[in-house]
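Me: I am new to reading protein models, and I would like to go through this one with you. Could you take my questions one at a time?

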Amino acid sequence: MAVAQILVTLDGTVHDPDVPFLHADDLAALRGDGVFETLLIRSGRTRKVGAHLDRLERSAAMMELPAPDRAQWRGAIEVVEKQWSRANPDAEAWLRLVYSRGRESVPDAGPTAYLMAGPVADRVAAARSEGVSVVTLDRGFSTDLADRAPWQLLGAKTLSYATNMAALRYAAANGFDDVIYLSSEGSVLEGPRSTVVTVTGTTLTTPPSEAGILPGTTQRAVFETAASEGWTTRTDALGRADLIAADSVWLISSVALAARVTSLNRYIMPVSPNHHDFVDLVDRAICVDRE
Ligand code: PLP
């Protein structure tokens, strides 16, 4: 029987996802005080586990959470993967790792840690096959904020995604599928749930993570595979004009993989004849797990 969602705690115990689970005073719920990762299960295997655990570790360190126990997370990921694949052998799933500071009233109890999986949304399948219309939105800060204000946690994947969700709702209300954030100087940053990559000829370019964006595991995997196959990969500042001038612009991420930007601020981006090469490259790159 197909299963809608799977819930597993870090000790590998499987829970009923329809039974209340979190304490009301968990700091994830009260303050978004925690970190998370979202991975893809494809063909029964969770993709890029090592890279996601690296980033979970890094985000946790930035928030002064205890270092995650990698072996334990790997074990729990395998439990979710097996549960999912047994119930839905052919379906892709998102797999979320959630790691919060724990209960406000019981600080000694330590972090709360659990994993969830569920079916990849129709929206994601449509973004992969049809692409996305994108609006650029001002994020309201400069590319040097990450350096000047480390407490802003730029570059950590925290549970505080309320403003990212607001940007996506704003875009939807104005007839767009997705968003590319710009810094206050007009530099391209990232999407609310994706990394921006341009393709021009066989050159891939992405903005530097020092600009205050999340280092993407998909971008890194794609650039490593691309470099080994003879593409040129660059990390460089991009402006709106660079997006328009590129052969193609992509929003890439672990679950949606590669969504082509079909229009930018209503300007229709021409279809590049070799845009399937990039989709194939991303598909190959996520098969590599470097740990
Ligand atoms: N940037 C942001 C803000 C994100 O939320 C995400 C993914 O959710 C990404 C970039 C892409 O990261 P990854 O490729 O590791 O999924």
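Me: Which helix and which strand each supply at least two residues of the shell around the ligand?
Reply: Helices (H or I, at least four residues) and strands (E, at least two) are DSSP runs, numbered from the N terminus. This is a predicted model, where local features need pLDDT of at least 70, side-chain atom pairs count only at pLDDT 80 or more, and totals for chains, interfaces and linings use all residues. Residues are numbered from 1 along each chain as its sequence is written, and side-chain values use heavy atoms, with hydrogens and water left out. The two elements you ask about are helix 7 (217–228) and strand 12 (248–253).

Me: How many residues surround the ligand?
Reply: A residue belongs here if one of its heavy atoms lies within 4 Å of the ligand. The closest are Arg55, Tyr161, Thr217, Thr218 and Ser254. The full number of residues around the ligand is 16.

Me: How many residues of that shell are polar?
Reply: Ala, Val, Leu, Ile, Met, Phe, Trp, Tyr, Cys and Pro count as nonpolar, Asp, Glu, Lys and Arg as charged, and the others, Gly among them, as polar. The shell has 4 nonpolar and 4 charged residues. Its polar residues number 8.

Me: How far is a polar side-chain atom of Thr217 from an oxygen atom of the ligand?
Reply: Let us look at polar contacts, which are pairs of N or O atoms within 3.5 Å; within protein, one must be able to donate a hydrogen and the other to accept it, and residues adjacent in sequence count only if both atoms are side-chain atoms. For an N or O atom in the side chain of Arg55, the distance to a ligand oxygen is 2.8 Å, and for a polar side-chain atom of Lys157 it is 2.9 Å. For Thr217 the value is 2.6 Å.

Me: What share of the ligand's exposed area does the protein bury?
Reply: Accessible areas come from the Shrake-Rupley method with a 1.4 Å probe, and for residues only the protein chains shown count as cover. Taken alone, the ligand exposes 390 Å². The protein buries 94% of that.

Me: How far apart are the end C-alpha atoms of helix 7?
Reply: The expected span of a helix is 1.5 Å times one less than its number of residues. Helix 7 has 12 residues, so it should span 16 Å. The distance in the model agrees with this, at 17 Å.

Me: Which residue with a positive phi follows helix 7?
Reply: Phi here is near 95°. The residue is Gly230.

Me: Is Thr202 buried, partly exposed or exposed?
Reply: Thr202 sits in the loop between strand 9 (195–200) and strand 10 (203–206). Buried means under 20% relative accessible area, exposed over 50%, and partly exposed in between (1.4 Å probe, protein chains only). Thr202 has a relative accessible area of 49%, so the word for it is partly exposed.

Me: Which residue's side chain makes a polar contact with the side chain of Ser142?
Reply: Ser142 lies in the loop between strand 7 (132–138) and helix 5 (145–148). Ser142 is buried, at a relative accessible area of 14%. At 2.9 Å, the partner of its side chain is Asp144.

Me: What is the relative accessible area of Ala117?
Reply: Ala117 is part of strand 6 (residues 112–119). Leaving out residues up to four places away in sequence, Ala117 has contacts (heavy atoms within 4.5 Å) with residues including Ile6, Val80 and Trp94. Ala117 is buried, and its value is 0%.
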